[in-house]
Amino acid sequence: MEFDKNQPIHIQLVDEFKRLIVTGKLESGEKINSVREYAEEMGVNPNTMQKAMATLEQMGLVYTERTSGRYVTNDKKLINEARIQMTETQITEFMERMESLGLTPDEIIEQIRKYTEEGHKFETNQRFVSNPSFCASKTHSAQSLLGRNGYNNEQNS
């Protein structure tokens, strides 16, 4: 995992674990690795990982059984609430970025409609691309398109 220097690492870890839980990559009731295992895997201090796990416990997304470790909650309603909250956050950030480009809500909706009707891809007009290799493939991860902070990294340099 690559960390954003502008946000505390434990918060980024919480967000990543929330994403894993709401997408089902960590399933309800699943026993999760120890703090030490995750800290080593992600290259962070065990105290930082412990802080992230404690936050997830406070949220109710994981729980501890005293003798056997931590588990993902079985509360599907809580997981769905977390998914909705994450969705609302992403939509808010997306709308703010689009509005900063001067698009109205109706124009944004039209662009989303076109995107979904065209099979979730747009043909890129190479004339407006500062880095042609950036758009060379048909699909991009959100991170490659937006960078960790939600913007094309080249625009920030």
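1. A word on terms before we start: helices and strands here are DSSP runs, with at least four residues for a helix and at least two for a strand, numbered from the N terminus. Counted that way, the protein has six helices and two strands. Please keep in mind as you look around that this is a predicted model.

2. To get your bearings, follow the chain along its sequence: the elements come in the order α-α-α-β-β-α-α-α. The protein has 157 residues, and 25% of them count as buried. Among contacts between residues at least 6 apart in sequence, 45% join residues at least 24 apart.

3. A good place to begin is the segment before H1, where you will find Asp4. Is Asp4 buried or exposed? Its relative accessibility is 17%, and buried means under 20%, so Asp4 counts as buried. The side chain of Asp4 also makes a polar contact, reaching the backbone nitrogen of Asn6 at 2.8 Å.

4. Moving on into helix H1, have a look at Ile11. With a relative accessible area of 31%, Ile11 is partly exposed. Ile11 also has a partner far along the chain to look for: Lys51 is 40 residues away in sequence, while the C-alpha atoms of the two residues are 9.0 Å apart in space.

5. Next comes H2, in which Val35, Tyr38, Ala39 and Met42 are the buried residues. Viewed down the axis of H2, these buried residues fall within an arc of 100°, so they line one face of the helix. Turn the model to the face directed away from that buried side, and you will see the exposed residues Arg36, Glu40 and Glu41. The cover over the buried residues of H2 includes H1, H3 and E2. After H2 comes Gly43, with a positive phi near 70°.

6. Helix H3 deserves a slower look. Does its length come out as expected or not, and what should the span be? H3 runs over residues 46-59, which makes 14 residues, and at 1.5 Å a residue they should span 20 Å; the C-alpha atoms at its ends are 20 Å apart, so the two figures agree. At the start of H3, Asn45 places a side-chain oxygen within 2.6 Å of the backbone nitrogen of Asn47. Just after the helix, Gly60 takes a positive phi of about 90°.

7. Which residues of H3 are buried? They are Met49, Ala52, Met53, Thr55 and Leu56. Seen down the axis of H3, they fall within an arc of 155°, so these buried residues line one face of the helix. What do they pack against? Their neighbours are helix H1 (9-22), helix H2 (35-42), strand E1 (62-65) and strand E2 (69-72). On the face of H3 turned away from the buried side sit the exposed residues Asn47 and Gln58.

8. How do H2 and H3 meet? Two packed helices are described by the angle between their axes and the distance between the axes. For H2 and H3, the axes come within 9 Å and cross at roughly 115°, and the crossing is right-handed. On the H2 side, the residues in contact are Val35, Arg36, Tyr38, Ala39 and Met42, and on the H3 side they are Pro46, Met49, Gln50 and Met53. As you trace this contact, recall that Val35, Tyr38, Ala39 and Met42 are buried residues of H2, and that Met49 and Met53 are buried in H3. Arg36 also takes part in the contact, although it is one of the exposed residues on the face of H2 turned away from its buried side.

9. Finally, turn to helix H4, which has 25 residues, numbers 76-100. From first C-alpha to last, H4 reaches 36 Å, close to the 36 Å expected at 1.5 Å a residue. At its start, a side-chain oxygen of Asp75 reaches to within 3.1 Å of the backbone nitrogen of Lys77. The buried residues in H4 are Ile79, Ala82, Arg97 and Met98. Just after H4, look for Gly102, which takes a positive phi of about 95°.

Methods
Residues are numbered from 1 along each chain as its sequence is written. This is a predicted model: local features need pLDDT of at least 70, side-chain atom pairs count only at pLDDT 80 or more; totals for chains, interfaces and linings use all residues. Side-chain values use heavy atoms; hydrogens and water are left out. The expected span of a helix is 1.5 Å times one less than its number of residues. Buried means under 20% relative accessible area, exposed over 50%, partly exposed in between (1.4 Å probe, protein chains only). The arc is that of the directions from the helix axis to the C-beta atoms. Contact means heavy atoms within 4.5 Å. A polar contact is a pair of N or O atoms within 3.5 Å; within protein, one must be able to donate a hydrogen and the other to accept it, and residues adjacent in sequence count only if both atoms are side-chain atoms. Axes are lines fitted to C-alpha atoms, for helices over the stretch in contact, and angles run from 0 to 180 degrees between N-to-C directions. A crossing is left-handed if the near helix is turned anticlockwise from the far one by less than a right angle, and right-handed if clockwise.
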